Amino acid sequence: MTLRPIVLYPDPVLRRVALPVAEIDAGMKSLAADMIETMYHAKGRGLAAPQVGLSLRLFVMDCGWKEGPKNPRVFFNPEILAASPNLATNTEGCLSIPDVPTQVERPDWVLMGWTDEAGTRHEERFTGFEAVAAQHELDHLNGRLCIDLVAPAQREATRLLLERLET
């Protein structure tokens, strides 16, 4: 496995809509394994392929590894099938936008469909932090960043932090 460099904002790959993964072959499985190791090394809980410079519909996630055993999950071609009408506001961080925490409002649960690295199709309802993380990573695949969803009261502070990153 190889640690991959994490792409930082404002790199344009972070704004592209990622392409579907046509075939889950050995190369895709190797990429997913690299992304898992990169995520753990960076102390993250999720990582999307655009964050390692590849415009592919793939993300990895392990929301509980900091409190318990590692349980990485791989999501090829994920999609939200249903979402709660109820919204919750949470603080989100992003490995591609370090040191810029954002307050983001999202549905408090989502039903997601995806294919794993073995080619098995899954559907699962995510709640709590897993729902936040899954939506955050899926946003990366759609060229959207958490800074695009900042609560109005936090916009100016976020803008100032981003100016620092862009210079």
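A charge is said to sit over a ring if NZ of Lys or CZ of Arg is within 6 Å of the ring centre and within 35 degrees of the ring normal. With that in mind, select K70 and Y40 as a starting point: the charged end of K70 sits over the ring of Y40, 4.2 Å from its centre. Then select R125 and W109, where the charged end of R125 sits over the ring of W109, 4.1 Å from its centre.

Before going on, keep in mind that this is a predicted model, in which local features need pLDDT of at least 70 and side-chain atom pairs count only at pLDDT 80 or more, while totals for chains, interfaces and linings use all residues. Residues are numbered from 1 along each chain as its sequence is written, and side-chain values use heavy atoms, with hydrogens and water left out.

**The sheet**

Switch to a cartoon view, in which the helices (H or I, at least four residues) and strands (E, at least two) named here are DSSP runs, numbered from the N terminus. Look for an open sheet of five strands, which has the order β1-β2-β3-β6-β7 with antiparallel pairing; two strands pair if DSSP finds at least two bridges between them. At the edges stand β1 (46–48) and β7 (121–127), each with a single partner strand, so one side of each is left without a neighbour in the sheet. Neighbouring strands of this sheet are turned by 40° against each other on average, direction ignored, where axes are lines fitted to C-alpha atoms, for helices over the stretch in contact, and angles run from 0 to 180 degrees between N-to-C directions.

Next, select β6 (residues 109–115) together with β7, which pair in the antiparallel sense over seven bridges. Two of the partners in β7 can be picked out by name: H122 is the bridge partner of W114, and E124 is the bridge partner of M112. The hairpin of β6 and β7 has five residues between the strands, and in this hairpin G119 takes a positive phi near 90°.

**The helices on the sheet**

Now add helix α1 (residues 26–41), which packs on the sheet and touches β1, β2 (58–61) and β3 (73–83), its direction making about 40° with that of β2; contact means heavy atoms within 4.5 Å. Helix α2 also packs on the sheet, touching β1, β2, β3, β6 and β7, and the direction of α2 makes about 155° with that of β2.

How far apart are the end C-alpha atoms of α2 (residues 128–141)? They are 21 Å apart, which agrees with the 20 Å that its 14 residues should span at 1.5 Å a residue, the expected span being 1.5 Å times one less than the number of residues. Colour α2 by accessibility and 11 of its 14 residues turn out to be buried, where buried means under 20% relative accessible area, exposed over 50% and partly exposed in between (1.4 Å probe, protein chains only). Among the buried residues of α2 are A131, V132, H136 and L141. After α2 comes G143, whose phi is positive, near 75°.

Within α1, select T38, which counts as buried at 3% relative accessibility. Not counting residues up to four places away in sequence, T38 touches T2, L3, R4, I6 and L47.

**The aromatic rings**

Rings of Phe, Tyr and Trp (its six-membered ring) pair if their centres lie within 6.5 Å, and planes under 30 degrees apart count as stacked, over 60 as edge-to-face and the rest as tilted. By this rule the count comes to five aromatic pairs. Select F59 and F75, a stacked pair with 4.4 Å centre to centre and 15° between the planes. F59 lies in strand β2 and F75 in strand β3, 16 residues apart. F59 is buried at 0% relative accessibility, and F75 is buried with a relative accessible area of 0%.

Then select W114 and F126, whose ring centres are 5.8 Å apart and whose planes are at 35°, so the pair is tilted. W114 is in strand β6 and F126 in strand β7, so the pair ties together parts that are 12 residues apart in sequence. W114 counts as buried at 3% relative accessibility, and F126 does so at 0%. Show F59, F75, W114 and F126 together, and you will see a cluster linked by ring pairs.

**The last stop**

Finally, go to L162 in helix α3 (residues 155–166), which is buried with a relative accessible area of 11%. Leaving aside its neighbours within four places in sequence, L162 is in contact with Y9, I97, V100 and I147.
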